[in-house]
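Grab a pencil and open the viewer. Below are some exercises, each with a worked solution to check yourself against.

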Amino acid sequence: MQPLSMPSEKILEEAACWSARLHADDRSAKDEADFKAWIAASPDHGIAFDVMDRGLTALARMPAPAPQPTLPVSRRQLVMASVGGGLALGASFAVLGPATAQTYETAVGEQKHVSLADGSKIFLNANTKLTISLGDAERSANLIYGRVNFDIAPDGKRPFVVSAGDRQIVSHGSRFDVGREGNDVQIVLTRGTAYFQTVAAAPSAKRTLGAGDRLLSNATTVRMDRPRIAPLVAWQTGKAIFDDDLLSDAVREMNLYSQTKLEIVDTRAARLHVSGIYRVGDNAAFAHSIAKFLPVQVSQQGDRVILRSSASNG
């Protein structure tokens, strides 16, 4: 597997705009002609469009929730393979009665779309667990671990409150990612506005997030920035985007999507840096790919793919 070259942030932004235009109801023949010219202008344009279009349209392709029956009902559709080869995608329809909690969970290598009865849509990344409750006064989710994309249906009377430990994000209708690993919480707003709060904090400590904002919080600190969004939401497209990331961090991300685990056995290899766009789900292919341009050696032992620095042997 060859790494795909990293398109510039400008090209990724252009690709997102093209995705929106091509899916618009008023798309014209000129739009299509201009898009073909843009694609032909550079190989990076096609790569960027594939990444952004898949991410921006994945949730929109889910069926609408079924009409609400008298009793709570949930139905899970069978898995389909993603382009990553080994990453599983599922879909669920959840119709919850008042204040009824429903638990959703994914395993390593599995992702799941869920349509809620209020019209909201959620997308669970691999190795994720959360509960959802839709009440008359409030809609809520509790992220126990993992990463979820929330596309919240507007409701001026019932806020949607997502909790991750004692941290909360409150929305009346926006789209955002929430990730939790132990005490570390990351929130990325991709549409609309929402606000962040800590349960024990004073109301004045609330922070408002807008599209493009990221909030990072641990047990003691909270900070906000505006990073490149594409690498943060690439998981929704069956890809991982690394931009001068530590190899140890890249390995942790790739291991979410495969039962075959990457393992770094020396600190010199762990401190190497990697860039590129990779399809997830095939860790052996990823390892052999990076070995073509990084000084690492690859060996496989059962369900483990071992990475060690070439210099450590010589």
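**Exercise 1.** Where is the place of aspartate 244? Then look at its backbone and its accessibility.

*Solution.* Keep in mind throughout that this is a predicted model.
- Step 1: find the element. Aspartate 244 sits in strand 16.
- Step 2: check the backbone. Its phi is positive, about 60°, although aspartate 244 is not a glycine.
- Step 3: check the accessibility. Aspartate 244 comes out at 49%, so it counts as partly exposed, as exposed would need over 50%.

**Exercise 2.** Now do the same for asparagine 127: which loop is it found in?

*Solution.*
- Step 1: asparagine 127 belongs to the loop between strand 5 and strand 6 (128-134).
- Step 2: here too phi is positive, about 55°, and asparagine 127 is not a glycine.
- Step 3: with 32% relative accessibility, asparagine 127 is classed as partly exposed.

**Exercise 3.** Is aspartate 44 buried or partly exposed? Place it in the fold as well.

*Solution.*
- Step 1: aspartate 44 is part of helix 3, which covers residues 43-57.
- Step 2: its relative accessibility is 22%; buried means under 20%, so aspartate 44 goes down as partly exposed.
- Step 3: pick a partner for a distance. The C-alpha atoms of aspartate 44 and alanine 15 lie 10.0 Å apart, with the two positions 29 residues apart along the chain.

**Exercise 4.** How many aromatic pairs are there, counting rings whose centres lie within 6.5 Å? Work through two of them.

*Solution.*
- Step 1: the count is six aromatic pairs.
- Step 2: take phenylalanine 123 and tryptophan 235. Their centres are 5.1 Å apart and the planes make 35°, a tilted pair.
- Step 3: see what this pair links. Phenylalanine 123 is in strand 5 (residues 121-124), while tryptophan 235 is in the loop between helix 4 (230-233) and strand 16 (239-246), 112 residues apart.
- Step 4: check burial. Phenylalanine 123 has 1% relative accessibility and counts as buried; tryptophan 235 is buried too, at 2%.
- Step 5: now phenylalanine 150 and phenylalanine 176. With 5.4 Å between centres and 25° between planes, this pair is stacked, because stacking needs planes under 30 degrees apart.
- Step 6: phenylalanine 150 is in strand 7 (residues 139-151) and phenylalanine 176 in strand 10 (residues 175-181), so the pair ties together parts 26 residues apart in sequence. Both phenylalanine 150 and phenylalanine 176 are buried.
- Step 7: look for a third ring. Ring pairs join Phe150, Phe160 and Phe176 into a cluster.

**Exercise 5.** Which element gives the most to the lining of the largest pocket? Describe the pocket too.

*Solution.*
- Step 1: start with the volume, about 1,200 Å³.
- Step 2: list the lining. It has 39 residues, with Arg147, Glu181, Gln186, Arg252 and Glu253 the closest to the pocket centre.
- Step 3: sort by element. Strand 16 gives the most, seven residues. Elements supplying at least two residues each include strand 7, strand 10, helix 4 and helix 5 (247-254).
- Step 4: sort by chemistry. The lining divides into 16 nonpolar, ten polar and 13 charged residues.

**Exercise 6.** Where is confidence lowest, and where is it highest?

*Solution.*
- Step 1: get the overall picture. The chain averages a pLDDT of 83, and 79% of the residues score at least 70.
- Step 2: find the extremes. Strand 1 (residues 73-81) is lowest, with a mean of 34, and strand 17 (residues 261-264) is highest, at 98.
- Step 3: mark the weak stretch. Over residues 58-84 pLDDT stays under 50, and the model has 56 contacts beyond four places in sequence for them.
- Step 4: draw the lesson. Predicted coordinates should not be read in detail where pLDDT is low.

Methods: Residues are numbered from 1 along each chain as its sequence is written. This is a predicted model: local features need pLDDT of at least 70, side-chain atom pairs count only at pLDDT 80 or more; totals for chains, interfaces and linings use all residues. Side-chain values use heavy atoms; hydrogens and water are left out. Helices (H or I, at least four residues) and strands (E, at least two) are DSSP runs, numbered from the N terminus. Buried means under 20% relative accessible area, exposed over 50%, partly exposed in between (1.4 Å probe, protein chains only). Rings of Phe, Tyr and Trp (its six-membered ring) pair if their centres lie within 6.5 Å; planes under 30 degrees apart count as stacked, over 60 as edge-to-face and the rest as tilted. On a 1 Å grid over the protein atoms alone, a cavity is a set of points where a 1.4 Å probe fits but cannot get out, and a pocket is an open set with protein on both sides within 12 Å along at least five of seven lines; lining residues have an atom within 4 Å of a point. Grid points are joined across faces, edges and corners, and a volume is the space filled by probe spheres set on the points. Ala, Val, Leu, Ile, Met, Phe, Trp, Tyr, Cys and Pro count as nonpolar, Asp, Glu, Lys and Arg as charged, and the others, Gly among them, as polar. pLDDT is the predictor's confidence in each residue, from 0 to 100. Contact means heavy atoms within 4.5 Å.
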